[in-house]
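User: Please take a close look at one part of this structure for me. I would like to understand the sheet and what surrounds it.

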Amino acid sequence: MKIAIVLKEDLGIGFAANAAACITSGLFHQEKDLLGEQIEGNDLSFISITKIPLMIFKQNSKPWDELLKRAKRSKLKYMLFTKEAQSTTDYAEYIDRVANKRLEDVVPLGIGVLGEDSLVNRFSGDLPLLK
(Lines give C-alpha, C1' and ligand atoms only; values in the text may rest on other atoms or scores of the structure.)
Protein backbone atom coordinates (compact mmCIF):
# COMPACT_ATOMS: atom_id res chain seq x y z
CA MET A 1 0.00 0.00 0.00
CA LYS A 2 1.09 3.50 -0.81
CA ILE A 3 -0.26 7.05 -0.97
CA ALA A 4 0.39 9.63 -3.67
CA ILE A 5 -0.76 13.22 -3.30
CA VAL A 6 -0.78 15.62 -6.25
CA LEU A 7 -0.92 19.35 -5.47
CA LYS A 8 -1.53 22.40 -7.60
CA GLU A 9 1.89 23.93 -8.25
CA ASP A 10 1.18 27.54 -7.32
CA LEU A 11 -0.09 26.89 -3.80
CA GLY A 12 1.98 28.67 -1.18
CA ILE A 13 3.84 26.45 1.26
CA GLY A 14 1.25 26.88 4.02
CA PHE A 15 -1.68 26.16 1.70
CA ALA A 16 0.16 23.15 0.24
CA ALA A 17 0.89 21.78 3.72
CA ASN A 18 -2.76 22.28 4.71
CA ALA A 19 -4.00 20.57 1.53
CA ALA A 20 -1.65 17.60 2.02
CA ALA A 21 -2.73 17.24 5.66
CA CYS A 22 -6.43 17.33 4.78
CA ILE A 23 -6.02 14.87 1.91
CA THR A 24 -4.03 12.50 4.13
CA SER A 25 -6.63 12.62 6.90
CA GLY A 26 -9.33 11.79 4.36
CA LEU A 27 -7.40 8.88 2.87
CA PHE A 28 -6.64 7.39 6.30
CA HIS A 29 -10.31 7.49 7.31
CA GLN A 30 -11.27 3.92 8.28
CA GLU A 31 -7.76 2.63 7.43
CA LYS A 32 -6.52 1.77 10.93
CA ASP A 33 -4.20 -1.01 9.70
CA LEU A 34 -2.05 1.59 7.93
CA LEU A 35 -1.06 3.32 11.16
CA GLY A 36 1.56 2.14 13.63
CA GLU A 37 1.03 1.99 17.35
CA GLN A 38 1.67 4.70 19.91
CA ILE A 39 5.22 4.58 21.27
CA GLU A 40 6.01 5.47 24.85
CA GLY A 41 9.10 7.60 25.36
CA ASN A 42 10.58 8.99 28.56
CA ASP A 43 7.87 11.31 29.98
CA LEU A 44 6.17 11.65 26.58
CA SER A 45 4.25 9.63 24.03
CA PHE A 46 4.78 9.50 20.28
CA ILE A 47 1.46 9.06 18.50
CA SER A 48 1.11 6.60 15.69
CA ILE A 49 2.22 7.57 12.18
CA THR A 50 1.82 5.93 8.81
CA LYS A 51 3.42 2.56 8.11
CA ILE A 52 3.24 3.08 4.33
CA PRO A 53 5.05 5.41 1.91
CA LEU A 54 3.45 8.78 1.28
CA MET A 55 4.75 10.74 -1.72
CA ILE A 56 3.79 14.29 -2.74
CA PHE A 57 3.89 15.36 -6.39
CA LYS A 58 3.32 18.51 -8.44
CA GLN A 59 0.37 18.65 -10.79
CA ASN A 60 2.72 19.50 -13.69
CA SER A 61 0.01 20.62 -16.15
CA LYS A 62 -1.94 17.35 -15.87
CA PRO A 63 -5.64 18.27 -15.92
CA TRP A 64 -7.57 17.36 -12.78
CA ASP A 65 -10.11 15.42 -14.82
CA GLU A 66 -7.32 13.21 -16.20
CA LEU A 67 -5.96 12.54 -12.70
CA LEU A 68 -9.44 11.77 -11.39
CA LYS A 69 -10.05 9.37 -14.31
CA ARG A 70 -6.73 7.63 -13.57
CA ALA A 71 -7.73 7.12 -9.94
CA LYS A 72 -11.17 5.79 -10.83
CA ARG A 73 -9.90 3.57 -13.65
CA SER A 74 -7.43 1.90 -11.26
CA LYS A 75 -10.09 1.66 -8.52
CA LEU A 76 -7.88 3.59 -6.11
CA LYS A 77 -9.35 5.17 -3.01
CA TYR A 78 -9.15 8.88 -3.81
CA MET A 79 -9.78 12.20 -2.13
CA LEU A 80 -10.19 15.41 -4.14
CA PHE A 81 -9.40 18.55 -2.14
CA THR A 82 -10.81 21.87 -3.29
CA LYS A 83 -10.59 25.59 -2.69
CA GLU A 84 -14.14 25.33 -1.38
CA ALA A 85 -12.77 23.17 1.45
CA GLN A 86 -9.64 25.18 2.12
CA SER A 87 -11.46 28.48 2.33
CA THR A 88 -13.81 27.57 5.18
CA THR A 89 -13.48 26.37 8.75
CA ASP A 90 -17.12 25.29 8.99
CA TYR A 91 -17.78 21.72 7.81
CA ALA A 92 -21.49 22.41 7.21
CA GLU A 93 -20.51 25.28 4.91
CA TYR A 94 -18.08 22.97 3.08
CA ILE A 95 -20.89 20.47 2.54
CA ASP A 96 -23.10 23.23 1.12
CA ARG A 97 -20.30 24.34 -1.20
CA VAL A 98 -19.62 20.91 -2.75
CA ALA A 99 -22.77 18.82 -2.38
CA ASN A 100 -24.06 17.65 -5.79
CA LYS A 101 -21.26 19.49 -7.62
CA ARG A 102 -19.28 18.16 -10.56
CA LEU A 103 -15.55 18.58 -11.02
CA GLU A 104 -16.22 21.51 -13.36
CA ASP A 105 -18.14 23.29 -10.56
CA VAL A 106 -15.31 23.33 -8.00
CA VAL A 107 -11.70 24.54 -7.86
CA PRO A 108 -9.41 21.54 -7.24
CA LEU A 109 -6.20 22.12 -5.28
CA GLY A 110 -5.08 18.52 -4.94
CA ILE A 111 -5.94 14.87 -5.17
CA GLY A 112 -4.67 11.97 -3.13
CA VAL A 113 -4.86 8.27 -3.87
CA LEU A 114 -4.37 5.17 -1.75
CA GLY A 115 -3.83 1.68 -3.10
CA GLU A 116 -1.46 -1.08 -4.07
CA ASP A 117 2.05 0.15 -4.86
CA SER A 118 1.96 -0.74 -8.56
CA LEU A 119 -1.38 1.03 -9.12
CA VAL A 120 -0.28 4.15 -7.24
CA ASN A 121 3.02 4.14 -9.17
CA ARG A 122 1.09 3.94 -12.44
CA PHE A 123 -1.14 6.83 -11.29
CA SER A 124 1.80 9.10 -10.40
CA GLY A 125 4.65 7.82 -12.60
CA ASP A 126 4.78 10.82 -14.93
CA LEU A 127 4.52 13.47 -12.19
CA PRO A 128 7.49 15.27 -10.60
CA LEU A 129 8.03 15.14 -6.84
CA LEU A 130 7.21 18.27 -4.88
CA LYS A 131 10.52 19.48 -3.44
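Analyst: What follows starts at the sheet and then moves outward to the salt bridges. Keep in mind that this is a predicted model.

Start with the sheet itself. Four strands form an open sheet, in the order β4-β1-β6-β5. The pairing is mixed. At the edges sit β4 (54–58) and β5 (77–82), and each of them pairs on one side only. From one strand to the next, the twist averages 15°.

Now look at one pairing. Strand β1 covers residues 2–7 and runs parallel to β4. Five bridges join the two. One example is valine 6, whose bridge partner in β4 is phenylalanine 57.

Stay in β1 and find isoleucine 3. Is isoleucine 3 buried or exposed? It counts as buried, because its relative accessibility is 1% and the cut-off for buried is under 20%. Its contacts include Leu54 and Met55, and also Val113 and Leu114. Leu27 and Phe28 are also among the residues that isoleucine 3 touches. Valine 113 deserves a second look. Isoleucine 3 and valine 113 are 110 residues apart in sequence, yet their C-alpha atoms are 5.6 Å apart in space.

Next comes a helix. Helix α1 (residues 13–28) lies across β1, β4, β5 and β6 (108–115). The helix runs at about 145° to β5.

Two glutamines come next. Glutamine 86 lies in helix α3 (residues 83–86). With a relative accessible area of 19%, glutamine 86 is buried, because the limit is under 20%. Glutamine 86 touches Leu11, Phe15, Asn18, Ala19, Phe81 and Leu109, leaving aside residues up to four places away in sequence.

Glutamine 59 is found in the loop between β4 and α2 (64–73). At 13% relative accessibility, glutamine 59 is buried as well. Among the residues that glutamine 59 touches are Val6, Leu7, Lys8 and Glu9. Trp64, Leu67 and Leu127 are contacts of glutamine 59 too.

Now for the charged side chains. How many salt bridges are there? The count comes to eight. One of them joins lysine 77 and glutamate 31, at 3.3 Å from N to O. This pair links distant parts of the chain, 46 residues apart. Lysine 77 is in edge strand β5, while glutamate 31 is in the loop between α1 and β2. Both partners are partly exposed: lysine 77 has a relative accessible area of 28%, and glutamate 31 is at 23%.

Compare the pair glutamate 93 and arginine 97. Their side chains meet in a salt bridge at 2.5 Å, N to O. They are four residues apart in helix α4 (residues 91–98), so about one helical turn separates them. Glutamate 93 is partly exposed at 32%, and arginine 97 is partly exposed at 25%.

Another salt bridge joins aspartate 105 and arginine 102, with the closest N and O atoms 3.3 Å apart. Here the partners fall into two classes. Aspartate 105 is partly exposed at 35%. Arginine 102 counts as exposed, because it reaches 53% and exposed means over 50%. There is also a network of salt bridges, which links Lys62, Glu66, Arg70 and Asp126.

Finish at the surface. Ile39, Leu44 and Phe46 make a nonpolar patch of about 290 Å². Leucine 44 lies in the loop between β2 (39–40) and β3 (45–46). At 42% relative accessibility, leucine 44 counts as partly exposed.

Key
Residues numbered from 1 in each chain as written. Predicted model: local features only at pLDDT ≥ 70, side-chain atom pairs only at ≥ 80, totals over all residues. Heavy atoms only, no water. Pairing = 2+ DSSP bridges. Axes fitted to C-alpha atoms, helices over the stretch in contact; angles between N-to-C directions. Contact = heavy atoms within 4.5 Å. Buried < 20%, exposed > 50% of the residue type's maximum accessible area, 1.4 Å probe, protein only. Patch = residues over 30% accessible without salt bridge, like charges linked within 9 Å, V, L, I, M, F, W, Y side chains within 5 Å. Areas by Shrake-Rupley, 256 points an atom, 1.4 Å probe, with all protein chains shown as cover. Salt bridge = Lys/Arg side-chain N within 4 Å of Asp/Glu carboxyl O.
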